[in-house]
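Q: Please pick one part of this protein and take me through it closely, in plain words. I'd like to see how that part fits in with the rest.

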Amino acid sequence: MLWLVWRQHRWQLLAVAALTAAYCGYLLWLVRAAPEAVRLCGPLDPECTELNQLIPRWTNAVFIGNLLPVAVGVFWGAPLLAHEVEQGTIRLAFTQSVSRRRWLAAKLGVLGGVAVLLGLAVGATVSWSTPRLDAFSSPPFGNDLLFSQAGLMPAATWVFALLAGVAFGAFVRRLMPAVAATVVALSLAFAGLIALRPHLIPPVDRIAVTQQEFVGDPGPEAIESGWIYRVSYLDKDGHELSSAAAGRVCADPSNSAPTTECVDRIGLRQRVVYQPANRYVWFQLAEGGLLLVVSAGLAWAVRRRVAEVV
């Protein structure tokens, strides 16, 4: 069965593997150029040419990386059963000595295993590269596009995309409609994950009284503290003010946030709703686990569909 799976899907596997290798290689090439850009531009010089070239390249690369799971669903998942049904070859396969369950398990096992390996390669590359870009990139925690490309998330995402494509192929039984449904469903699913992510774990609601407890508003300190949902201020009467409103109270319209001198003068307290940085791993496990549970449900539905219909 392994030889048969390889013969049937080798070009799909090799094409996506080559695409993944090119993606990871490009990220590493950008990382190699980062120290020289930092040396020439300083921490953050918006007028520096090297800076203006590196940041868009990194941002675009991360965005394209988020499309790789869609390629897995379209090129690996959707054709797995839909193409066999359209060509009529699935009837020949099921008349052989190999049972339907073993036939399906071999295909899903091989493709799923390769998806996990390539997803882990992407996650390791992004996780290794991001800290080395210094100020050119924010941490993955709180960055919607980068979070789904770092750590364990690509492996779970790729498996989910594969099973989603297989499920649509099994139920639609026509290749092109299955491909279209896979693209739409994965786009909606990933958008839904981004919307759901802030609610996976209840955030911390902290009131900071002293300057030492304040987070930057706005500033990189806020990002280093974790995933900041909201920063606001409380006056002496307990009324909550936005950063801009607090800045206006300070009679300093040139600032979008109150200055340190203002906070001390009128006794403001800072309210921060955020996820601490040490919860990053728990968010990865929660979202990745959710995707794998859904993937297991899709695999069960596909097995039932193959046993009942074909």
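A: Let's start with the residues lining the largest pocket: 11 of them are nonpolar, five are polar and three are charged. Keep in mind that this is a predicted model. The pocket itself has a volume of about 280 Å³. Its lining comes to 19 residues, and the ones closest to the centre are Asn66, Leu145, Ser148, Phe190 and Ile194. How would anyone find such a space? Rolling a probe the size of a water molecule over the atoms shows where empty space is left.

Now, which helices build the lining? At least two lining residues come from each of these: H3 (68-87), H6 (144-147), H7 (153-172), H8 (175-196) and H12 (280-308). The top contributor is H8, which supplies four residues. Look back at the central residues and you can place some of them: Phe190 and Ile194 are among those closest to the centre, and the stretch 175-196 is H8. Leu145 is also one of the closest, and H6 covers 144-147.

Two of these helices lead us to residues worth a look. Between H7 and H8 there is a loop, and arginine 173 sits in it. Arginine 173 isn't a glycine, yet its phi is positive, at about 65°. With a relative accessible area of 26%, it counts as partly exposed.

The other residue is alanine 307, which belongs to helix H12. Is alanine 307 buried or exposed? Its relative accessibility is 53%, so it counts as exposed; the cut-off for that label is over 50%. Find arginine 100 as well: it is 207 residues away from alanine 307 along the chain, but their C-alpha atoms are separated by 7.1 Å.

That kind of long-range meeting fits a wider picture. Take the contacts in the chain with a separation of 6 or more: 79% of them are between residues 24 or more positions apart.

Let's step back to the whole chain, which has 12 helices and four strands. The four strands form an open sheet in the order E1-E4-E2-E3, with antiparallel pairing. At the edges stand E1 and E3 (240-241); each has a single partner strand, so one side of each has no neighbour in the sheet. As a general point, strands of a sheet pair through backbone hydrogen bonds, either parallel or antiparallel.

Go along the sheet pair by pair. E1 (residues 204-208) and E4 are antiparallel and share five bridges, with arginine 206 partnered by valine 272 of E4. E2 (residues 226-234) and E4 are antiparallel too, joined by eight bridges; here isoleucine 228 has tyrosine 274 of E4 as its bridge partner. E2 and E3 run antiparallel over two bridges, and tyrosine 233 is matched with leucine 241 in E3.

What about the surroundings of E4, residues 269-276? Seven of its eight residues are buried, so the strand is largely enclosed by the rest of the structure. For the chain as a whole, 43% of the 310 residues are buried. Finally, the outside: the accessible surface is about 15,700 Å², and carbon and sulfur atoms account for 64% of that.

Notes. Residues are numbered from 1 along each chain as its sequence is written. This is a predicted model: local features need pLDDT of at least 70, side-chain atom pairs count only at pLDDT 80 or more; totals for chains, interfaces and linings use all residues. Side-chain values use heavy atoms; hydrogens and water are left out. On a 1 Å grid over the protein atoms alone, a cavity is a set of points where a 1.4 Å probe fits but cannot get out, and a pocket is an open set with protein on both sides within 12 Å along at least five of seven lines; lining residues have an atom within 4 Å of a point. Grid points are joined across faces, edges and corners, and a volume is the space filled by probe spheres set on the points. Ala, Val, Leu, Ile, Met, Phe, Trp, Tyr, Cys and Pro count as nonpolar, Asp, Glu, Lys and Arg as charged, and the others, Gly among them, as polar. Buried means under 20% relative accessible area, exposed over 50%, partly exposed in between (1.4 Å probe, protein chains only). Two strands pair if DSSP finds at least two bridges between them. Contact means heavy atoms within 4.5 Å. Accessible areas come from the Shrake-Rupley method with a 1.4 Å probe; for residues, only the protein chains shown count as cover.
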